[in-house]
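Biologist: Before I trust any labels, I'd like to go through how they were assigned. Can we take them one at a time?

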Amino acid sequence: MPELAVVVLATDSEQRAILQVLVDGTNVARTMQSCSTFPVAATDPMLRRIHSANPEVLIVDIPSDNPMAAVRAIETLHTELPKAAVFAIGSMAQPQVIVGAMRSGAREYIERPTTTTALLEAFVRLTAAQRKTRNESGHRGKVFTMVNAKGGAGATTVAVNTALSLQGSHSNVALVDMAPLGHAALHLNVKPLFTVADALRNLHRMDGSLLESFMTRHPGGLHLLAGTSAPMNIEPATSEFAALFDLLVSQYRYVVVDSSTRLDAATRLVCNLSEHVLLVAHTDVASLWSAARVLQYLGESGGRERVGLVLNRFRKIPGFSESDAETATGAKLLWKIPNHYFAVSNSIDRGVPVIQQNHSEIARSFAGLATTLTENDDVKRPGWSLFKTV
């Protein structure tokens, strides 16, 4: 099965059982072995048993009554199994223990009691970091995610036009509409037969051919996995989005995501998988204030450095500089899109994106943004996956 191999070490039997359930509940990892004691030395027979499980992740529960035994075990595990990532589970009220665990080799320190979502996000961070060093067969695509600072900031417009620009210059591009109510199809003037919800419901039999059948093809060649036309009664698990995106990046060179105003665990997961996260805002006070809060939320699971500020409908304001926007939001300015409100509004009404107006200033701006996002693509990149191939 395509899952990460995990070994759980916890002296408390109840905590050990809980961690196993949580790990298996992510659907991207499986507990291969659990240990009721910690290894005390390199010669400990327990290490041979752990080696035999060939783990990619070692989860060490740090008990509050005897944390140093767990910290010493982390150091031993890190030394003896250097290829495995060590995740520590412990109290956030013991800063010295946290520092000791990280110095001993823990890659993650996760608050206890933990959740399936917290573990899943940790698995995502691990695999995202490994993409720089792992050599998996086959090309893996890049993900670019657009998120609104607040409603109406223009994430859908940015996503649609950036995706079309990438399709025109590189081909093999997918646009995924994750918005609570999908508008990308309206922008493109297409009528989807299927949506992202249909793809998620059919993950158990999903392959490249079936995924393509769920796509709506735009005349420009762009593939759209459309958003829902009504709020979902049951929200998909973040692990389902992880599996879907694992397949998407194996099939497409670029995957552009319109998250719009959606801010939940699924959005944070996809942002962690992304090469760049574009935080779309205006230059008004409310928008910049909201952008700072959205950045804080996305940054709670890591990857703040991947978030770039995009100022949409930008116009120069006396006494207000670009550095002021960066200071107000805490994000580095990536791009400015000029204020052509009526042209954009008309293009949405007609279903003809402004990028197709080849000689307009705003079309050139979106083309420039797409070029900026892909400027380092002449360098061969190793692939990544949440899942191993067996």
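Biologist: What backbone oxygen lies 2.6 Å from a polar atom of the side chain of Thr-162?

Modeller: The backbone oxygen of Val-158. A polar contact is a pair of N or O atoms within 3.5 Å; within protein, one must be able to donate a hydrogen and the other to accept it, and residues adjacent in sequence count only if both atoms are side-chain atoms. At 2.6 Å, the Val-158 to Thr-162 pair is inside that limit. Bear in mind that this is a predicted model, where local features need pLDDT of at least 70 and side-chain atom pairs pLDDT 80 or more, while totals for chains, interfaces and linings use all residues. Residues are numbered from 1 along each chain as its sequence is written, and side-chain values use heavy atoms, with hydrogens and water left out.

Biologist: Why is Thr-162 called buried?

Modeller: Buried means under 20% relative accessible area, exposed over 50%, partly exposed in between (1.4 Å probe, protein chains only). Thr-162 has 0% relative accessibility, so it counts as buried. Thr-162 sits in helix α6, residues 155–170; helices (H or I, at least four residues) and strands (E, at least two) are DSSP runs, numbered from the N terminus. Leaving aside neighbours within four places in sequence, Thr-162 is in contact (heavy atoms within 4.5 Å) with Met-146, Phe-366, Leu-369, Ala-370 and Leu-373.

Biologist: Now α4. Why do its buried residues line one face of the helix?

Modeller: The buried residues of α4 (95–104) are Val-97, Ile-98, Gly-100, Ala-101 and Ser-104. Seen down the axis, they fall within an arc of 165°, so they line one face; the arc is that of the directions from the helix axis to the C-beta atoms. Turned away from that side are the exposed Pro-95, Gln-96 and Arg-103. The buried residues of α4 pack against α3, β4 and β5.

Biologist: What makes β8 and β13 edge strands?

Modeller: Each pairs on one side only. Two strands pair if DSSP finds at least two bridges between them. The open sheet runs β8-β9-β7-β10-β6-β11-β12-β13, with mixed pairing. Inside it, β11 and β12 run parallel, joined by 5 bridges.

Biologist: Which helix gives the most to the largest nonpolar core?

Modeller: Helix α10 (238–251), with 7 residues. A nonpolar core is a set of buried Ala, Val, Leu, Ile, Met, Phe, Trp, Tyr and Cys residues joined through side-chain atoms within 4.5 Å. This one has 49 residues, and Phe-245 is among those touching the most other members. Apart from it lies another core, of 34 residues, including Leu-175 and Leu-373.
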